[in-house]
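User: Please take a close look at how the interior of this protein is packed, and give one connected account. I would like to begin at the surface and work inward.

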Amino acid sequence: MAPAAHAASGTWDQVEGNWNQFAGKVKQRWGKLTDDDVAVINGRRQELVGKIQERYGVAKKEAEKQVDEWEKTQAAR
């Protein structure tokens, strides 16, 4: 299966490039993520999806949906 296209992919470039700024916002949105999780993610979208799956016990598709929705809120700012 091909990876899902992300409408706000330009936004993710900003998240990745400014991870230190966005890390706190990620922890606010997904409070179960630890500081170690955030350090491992280090701006990588698929790492974030994987950690959400791990910490929240959700399917990959659900985790990707949550990240997509969060990413759109960041693009609107």
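Analyst:
**From the surface to the nonpolar core**

Asn20 has a relative accessible area of 75% and is exposed, because that value is over the 50% cut-off. This residue belongs to helix H2. The model is predicted, and its protein chain contains 5 helices and 0 strands, in the order α-α-α-α-α from the N terminus.

The exposure of Asn20 is shared by Gln21 and Gln28, which are exposed on the same side of H2 as Asn20. The opposite side has another character: Trp19, Phe22, Ala23 and Val26 are buried there. Viewed along the axis of H2, these buried residues lie within an arc of 120 degrees, so they line one face of the helix. A general feature of helices bears on this spacing: with 3.6 residues a turn in an α-helix, residues three or four places apart point the same way.

The interior can now be taken as a whole. The largest nonpolar core has 16 residues, and Trp19, Val26, Trp30, Leu48, Val67 and Trp70 are the ones that touch the most other members. At least two residues of this core come from each of helix H1 (9–17), helix H2 (19–29), helix H3 (35–41), helix H4 (45–56) and helix H5 (60–75). H2 makes the largest contribution, with 4 residues. Over the whole protein chain of 77 residues, 34% count as buried. Among contacts with a separation of 6 or more in the chain, 41% join residues 24 or more positions apart.

Leu48 shows how such contacts bring parts of the sequence together. When residues up to four places away in sequence are set aside, Leu48 touches Trp12, Val26, Trp30, Leu33, Ile41 and Val67. Ile52, in helix H4, is buried, because its relative accessible area of 0% is under the 20% cut-off. With residues up to four places away again left out, the contacts of Ile52 are Trp30, Leu33, Gly57, Val58, Ala63, Gln66 and Val67. Leu48 and Ile52 thus both have Trp30, Leu33 and Val67 among their contacts. Ile52 and Glu62 are 10 residues apart along the chain, and their C-alpha atoms are separated by 9.2 Å.

One of the contacts of Ile52, Val58, lies in the loop between H4 and H5. Its relative accessibility of 23% makes Val58 partly exposed, because the value falls between the 20% and 50% cut-offs. Leaving out residues up to four places away in sequence, Val58 touches Ile52, Gln53, Ala63 and Gln66. Ala63 and Gln66 therefore recur in the contact lists of both Ile52 and Val58.

The aromatic side chains form a further layer of the picture. The structure holds 3 aromatic pairs. One of them joins Trp12 and Trp70 edge-to-face, at 6.2 Å centre to centre and with 70 degrees between the planes. Trp12 is part of helix H1 and Trp70 of helix H5, so this pair ties together parts of the chain that are 58 residues apart in sequence. Trp12 and Trp70 are both buried. Ring pairs also gather Trp12, Phe22, Trp30 and Trp70 into a cluster. Within that cluster, Phe22 is one of the buried residues of H2, whereas Trp30 and Trp70 are among the core members that touch the most others. Trp12 has a charged partner as well: the charged end of Arg45 sits over its ring, 5.8 Å from the centre.

The account can close by returning to the outside of the fold. Asn20 and Asn42 are 22 residues apart in sequence, with 8.4 Å between their C-alpha atoms. Asn42 lies in the loop between H3 and H4 and is partly exposed, at a relative accessible area of 43%. Although Asn42 is not a glycine, its phi is positive, at about 45 degrees. Val40, in helix H3, also counts as partly exposed, at 39% relative accessibility. Apart from neighbours within four places in sequence, Val40 is in contact with Glu47 and Lys51. For Val40 and Lys51, 11 residues apart in sequence, the C-alpha to C-alpha distance is 9.2 Å. The accessible surface of the protein chain is about 4900 Å², and carbon and sulfur atoms account for 47% of that area.

Technical notes:
Residues are numbered from 1 along each chain as its sequence is written. This is a predicted model: local features need pLDDT of at least 70, side-chain atom pairs count only at pLDDT 80 or more; totals for chains, interfaces and linings use all residues. Side-chain values use heavy atoms; hydrogens and water are left out. A nonpolar core is a set of buried Ala, Val, Leu, Ile, Met, Phe, Trp, Tyr and Cys residues joined through side-chain atoms within 4.5 Å. Buried means under 20% relative accessible area, exposed over 50%, partly exposed in between (1.4 Å probe, protein chains only). Contact means heavy atoms within 4.5 Å. The arc is that of the directions from the helix axis to the C-beta atoms. Accessible areas come from the Shrake-Rupley method with a 1.4 Å probe; for residues, only the protein chains shown count as cover. Rings of Phe, Tyr and Trp (its six-membered ring) pair if their centres lie within 6.5 Å; planes under 30 degrees apart count as stacked, over 60 as edge-to-face and the rest as tilted. A charge sits over a ring if NZ of Lys or CZ of Arg is within 6 Å of the ring centre and within 35 degrees of the ring normal.
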